[in-house]
Amino acid sequence: MKSVLFLCVHNAGRSQMAAGFMRALALGSVQVFSAGSQPASKLNPSVVTAMSEIGIDISSLEPQCWTDEMLGAVDVVVTMGCGDECPYIAGKQYIDWPIIDPTGKDIVVVRQIRDEIRTRVEQLISCLS
């Protein structure tokens with residue numbers, strides 16, 4: 001089974017949406033991790049709302065900090081806006097998704113971000129198969 005770690009700074013928006021999509025769309029064929037370099041205290045409420053609008057409930061998840069164990073366990077690391085704060089381990093496949101941070105954005109923009117992430121996750125799933 002392939003495994004993916006989605007990383008962003010606060011693990012409260014982009015990486016949580018990506019992980020939610022991967023869990024829903026890969027149907028258990030991919031092990032999913034999500035983390036941040038400076039985790040927020042809670043998920044972005046607009047992100048939770050945008051995901052619930054399409055039937056994906058991430059409301060019970062909490063932002064968490066990445067660990068060496070996570071990095072060691074995955075095949076692919078997808079970074080989203082964390083730049084030099086994201087860890088790097090030689091031999092891992094890294095993909096950078098330049099997606100804007102939903103923090104402080106209205107729900108219309110958050111939906112656009114959500115939809116872009118969905119498209120990217122769908123493409124990643126096809127590459128992992």
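These are my notebook entries on one sheet and one helix pair.

**Entry 1: the model.** I am working from a predicted model.

**Entry 2: the sheet.** I looked up the strand order first. The sheet is open, has 4 strands in the order 2-1-3-4, and its pairing is parallel. I then noted the edges, which are strand 2 (30-36) and strand 4 (93-96), each pairing on one side only. From one strand to the next, the twist averages 20 degrees.

**Entry 3: strands 1 and 2.** I checked how strand 1 (residues 2-8) is joined to strand 2. The two run parallel and 7 bridges join them. I picked Leu-5 and looked for its bridge partner, which is Phe-33 in strand 2.

**Entry 4: a helix on the sheet.** Which strands does helix 4 touch? I found contacts with strand 1, strand 2, strand 3 (76-79) and strand 4, as helix 4 packs on the sheet. The direction of helix 4 makes about 150 degrees with that of strand 1.

**Entry 5: helix 2 against helix 4.** I looked up how helix 2 (residues 45-52) packs with helix 4 (residues 107-128): the angle is about 60 degrees and the axes are 9 Å apart. I therefore wrote down helix 2 as oblique to helix 4. The crossing of helix 2 past helix 4 is right-handed.

**Entry 6: the residues in that contact.** From helix 2 I listed Ser-46, Val-47, Thr-49, Ala-50 and Met-51. They meet Ile-107, Val-110, Arg-111 and Arg-114 of helix 4. I sorted the residues of this contact by type and got 5 nonpolar, 2 polar and 2 charged.

Note on methods. Residues numbered from 1 in each chain as written. Predicted model: local features only at pLDDT ≥ 70, side-chain atom pairs only at ≥ 80, totals over all residues. Heavy atoms only, no water. Axes fitted to C-alpha atoms, helices over the stretch in contact; angles between N-to-C directions. Parallel < 35°, antiparallel > 145°, perpendicular 65-115°, else oblique. Left-handed = near helix turned anticlockwise from the far one by under 90°. Contact = heavy atoms within 4.5 Å. Nonpolar A, V, L, I, M, F, W, Y, C, P; charged D, E, K, R; others polar. Pairing = 2+ DSSP bridges.
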